[in-house]
Amino acid sequence: MNLLRMNCELLATCSALGYLDGDTYHKEADCLESVKDLIRYLRHEDDTRDVRQQLGAGQIVQNDLLPIIIQHGQEKALFDACIRLMVNLTQPAMLCFGKVPDDPVFRHHFLQVTSHLQAYKEAFASERVFGILSEILYNLLQLDWEQRQEEDNLLIERILLLVRNVLHVPADPCEEKKVDDDASIHDRLLWAIHMSGFDDLVKFLASAQSEQQWSMHVLEIISLMFRDQTPEALVCAGQARSAEEKLRDSQELEALRQKEHAAKRSRTLQRGTRHSRFGGSYVVQGLKSIGDKDVIYHRNLHHFKRYTHDTGKAVKRVPKRNRQAQECKDKRRSALNVRLFLREFCVDFLENCYNHLMYLVKENLIREQTQQHDETYYLWALSFFMAFNRGNGFRADLVSETMSIRAFHFIERNITNYYEMMLTDRKEATSWSRRMHLALKAYQELLLTVNEMDRSQDESIRQSSNVIKSNIFYLTEYREIFLTLLRKYDETRQPRSYLIDLVESTHLFMRMLERFCKGRKSLMVQKKRVRRRKSRGGEKPAAAETSPEALAETWKAVEEEMKTSGFQLSESLTESIVPFDATSETPLEEQRTEAMVRVQDALLARLGPEALGLLRAAREVWPEGDVFGSPDVEPEEELELLKQILHASLPRSSPPEIVLEEEDDAAELEDEELESVQVSESEFNFLDFIKRFASPNIVQPYLLLLKSYSKNSPHTNHCIVRMLHRLAVDLKMDALLFQLSVFNLFNKLLSDPAAAAYQELVTFAKYVLKCFFSLAAQNNKAYVELLFWKNVGAAREMTEGYSKDGEGKKPTWTEEEEEELRTLYEEHRDSEVPDIVETLLPLLSNSTRTRRQVVTKLVHLGLVDNAKELKKQKIGTRIVLWTEEQEQELEMLYEEYKDSDDVLGNILKKLTAKRSRARVVDKLLSMGLVSERRELYKKRSRGAQGKSSGKGMTEEEFLEGLTQSFPDDPEDRDDENEAEDESEESEEEEDEEQEREKSQNGGRRSQSLRSPVERRADVGTTVYALQQEGLSGPMLWLQRCLNRTAEDREMDGLSQAVPLVPLTEENEEAMDNKSFKKLLRKLGIRAPANEQESFWRIPAKISASQLRSAAAALSPREQDGSGSPTRESQEEVSHEQRAEALRMLLLTRKMKHHTSEQTAPTSDFTPTEDIDSTVERSQDKTSTKRSRSRVLDDEEEENEEDSTAMVMDTSGDADSDKEDISAPAKRRRKMVLIDEEEDED
């Protein structure tokens, strides 16, 4: 079809619209129906967009539609139809064809549609057009939300879409050959928008609360308005040039002038003194031609330096996939009046619209209520307006919405997604690369704004920047994003401008991180380590013999061992055996079979106690079906059951594998497969972080950008040299730059006539060359090394010497050394030394063994299950910062397990980022999910169903149930802590376990030893003086804090610094009192360590007993020793309360005997004898009574028990002499209870 001739039906329809007579448009009677017909035609056009092209060739928009809306805009139906038609006609060609067609025919159609769109854009650059659009839009926005009809909302959206489509039309470079400061069609369109007041309506839509649904349309229009602008150009619009700009321009001009003079001198030297028509012919000795003879040169000698064998050869075509990525079109400077208008628009937008609009857009993006790739508008707006804010008198409050960790996380996630899509969607790799560049610019702008906040005069802004920096430096994703982007840089997909922004962003981040580390003694950061699974390889033990004779011999040895031990197991063995893994994805039924196999393996290895302990532990986990024996099984029956297991044929899975943790020694980690990522904390070292950049994959992008040093800005060259200086000088790895292409670049730089303008580059190049020639004098292989890129190991060998053959191989162990290690480990495994590996190292005959070698061998020998058990313990406080995602995860886990028996244990097992118990508890309290620590204590299970109702319950179980929340019993507390600590794998938990054991041991000794606080003779004097000053209330508050902290440390078994937060005005004034501060120091309470701490803290090293002693020293007393009667009265009150509660326990036991009518032989042990013997012992053990009296510290429990005891005390004691036969421990507990009752009476 000939597109130059319009279709007859289309021509008739267009003629029925009307005609233009001068400036007046006369519409026909069927104008509205004709417009609707055109809309129907467009709906049924073919793939070549023939209708669209014919309407564009007929200039339907310029000659009909625009005059209709200008002169007949009052006709609402006609105006709506024309807007609908123009929205369809102006939609981008990319949307019409889906992509830029590869077929030449469709490419032609694509270009035709684009040319028509450019003609439409020129027609829209009229104040009259945007005047009528602004008027209609203003009238619609004046309507209240209740008064608007659905048609009104549709018209608002179509007007916004029309403006967006017109602004989106690309400029025609062939038609618009405009220079800077000249008005292009886009500038004229912007000026029409400004003069019509449409820009004010855009700002209103961006700021109005009732117009939130248009947020994405508004952001698209704004981004297209500023498409050709840069923030720096708008900031400087209408202002005089600064001295810095003048200096920069003069330096650039001087560099150009030096290059021009150098070119003139070189041309002068090339000309001879006498002109010759004949250049001559010369033989170049030593340079062979194609044959065996020397090269004959037929030109002037002045040009010989540029001689090459490639002269005259055809240039090799570079494949398209290997070509460098093309840059986007350059920015141009608009007319001055347009730049001034846009500058004022930016100022108003930042003050009134930015935070509100960006919040709405971000919410829509998160909820996925937008179209695909709409996040690019958000990223552009963030980078553009934050850059404008920095240049136009920085104000942090104007961009507060996008200055948060959420913004960093959002951009980092998009960068990762864009990179992955760039690798997978290769056809659209260029588009994904541009989006990735946009996200990088936004990330760079966030860092620049944080850096600007550091220089603010407002202290609160500087503190906010410190908080943001603490988070981005703490998390691994933010800290290593630039390291990853540099390593993955691909010049065929990512343009040079992307590399410039990446290098400058990396320089800024490194500078901020270095400055942040200098002001601190230590910085704790998150560290992710990969846990890998490694097979035993050649270290696999030989399979045990399963012949009947071997099994009989094995069973005989196991039977003798267990009979010798009397079927008794050590406490450490019982606690260390875990029959199943609660965090494993393996079903419990399969784990039960695996537990049976583990019992058989222990028997085959002749480890009788281990097999018996595992059998009993599995019986408690799987009591149903008596698979592992009944609960009341006798030792002989257990022996027979073990024999059956030994001879049974059990299904076995693949051989077990040993889990090792990734270390730096690469030789130990060969043939590994990725298993999981373990998150922990470590102290940050800036030099170690720089070492991550010492890699050819990272150095090469820097040198690639350095090749265009003459085109780079001075700041870009400085960023390149600074990074190379960190590697070559700070890390002393200058050998990384000993490469021939680098030296060729240095030679070009040093011979540059304008080298004086690049003084920093010249100085660094001379330093690297000096280092190389110094090394070449000692290493005769240095010149050969220039041909290769070198990693850290090769660079070290080049400078320090090459290793000999055989060095660095995996060390071997002889059988004698393995037996020696096994013997030493068995001797010291129960010695309770803090670090058994450090104990074994000096005892080994081979003194060259390292800690890692010993740990690895212990794992291979099967003496330990995991290398983490022998982890070297580190000491130090760790700062934990919770991200928003981790807080949401914690809240979700709490809601899931808040009704379980072990809330805290389940949360610790499921947390992605492993945390200590104390930190999880503190976070739950701070988030308000729990009101007190007591809600997180483990609920003890009752075992059998009958015990839960009180039937068949022994006295010890009854007392244990009453005191389940009381952590004073060291054995119970140790059991609970060890059970909970099994799910915690980090080094930090090992440190806390040590501190907990130390504090518990110290608590046991504190009953006979006085604490350091008690030794201070002047505490009483200070207390009396503060009491006279009227500070009794704050001292009582301090006493309660000390007691509460002591209770928490006894119950949790954890020790950490606890801040003293005064919540009342009286306590705040006391914290400012010098005498009160003096008292705090005497009690061992630590003052704020630095500017980041605001409160005094109870140190973690003070044990619970010492805290109670300190609290007792704060009791109100008279100066002249009158404190003793007060203590006696308090002890009398506590004794009375304890007596009443214990009376209630005994009477409850009597009621139990009344209800259970079971026949049992009575014991010959009478209560009278019990009382007599107990009274004699109780007089020597007052300290034991005092410690046990802590059961009744809770006031609510005391009141409840008191009232119960008063009611039950009236019952008779007829059956008090009756007693079931029970274990000696039960009798001893009864004796102690009666003993305390008699003592109180």
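Trainee: How many helices and strands does the secondary structure of the protein come to?
Mentor: In this predicted model, the secondary structure comes to 56 helices and nine strands.

Trainee: What makes a residue count as buried here, and what share of the residues does so?
Mentor: A residue is buried when its relative accessible area is under 20%, and of the 1241 residues of the protein, 44% count as buried. The protein exposes about 68,400 Å², of which carbon and sulfur atoms supply 49%.

Trainee: Why is the packing of H2 and H3 called oblique?
Mentor: Helix H2, residues 31–43, packs against helix H3, residues 50–57, at an angle of about 135 degrees, with 8 Å between the axes. Roughly perpendicular covers 65 to 115 degrees and roughly antiparallel needs over 145, so an angle of about 135 degrees fits neither class, and H2 is oblique to H3.

Trainee: Which residues make the contact of H2 with H3, and how do they divide into nonpolar, polar and charged?
Mentor: Leu38, Tyr41 and Leu42 of H2 make the contact with Val51, Arg52 and Leu55 of H3. These residues divide into five nonpolar, no polar and one charged; because Arg is listed as charged, Arg52 is the charged one.

Trainee: How do you know that E1 and E2 pair?
Mentor: Pairing requires at least two bridges, and four bridges join strand E1, residues 18–21, to strand E2, residues 24–27, so the two antiparallel strands qualify as a pair. Gly18 stands opposite Lys27 in E2, and in the hairpin, which has two residues between the strands, Gly22 takes a positive phi near 70 degrees.

Note on methods:
Residues are numbered from 1 along each chain as its sequence is written. This is a predicted model: local features need pLDDT of at least 70, side-chain atom pairs count only at pLDDT 80 or more; totals for chains, interfaces and linings use all residues. Side-chain values use heavy atoms; hydrogens and water are left out. Axes are lines fitted to C-alpha atoms, for helices over the stretch in contact, and angles run from 0 to 180 degrees between N-to-C directions. Angles under 35 degrees count as roughly parallel, over 145 as roughly antiparallel, 65 to 115 as roughly perpendicular and the rest as oblique. Contact means heavy atoms within 4.5 Å. Buried means under 20% relative accessible area, exposed over 50%, partly exposed in between (1.4 Å probe, protein chains only). Accessible areas come from the Shrake-Rupley method with a 1.4 Å probe; for residues, only the protein chains shown count as cover.
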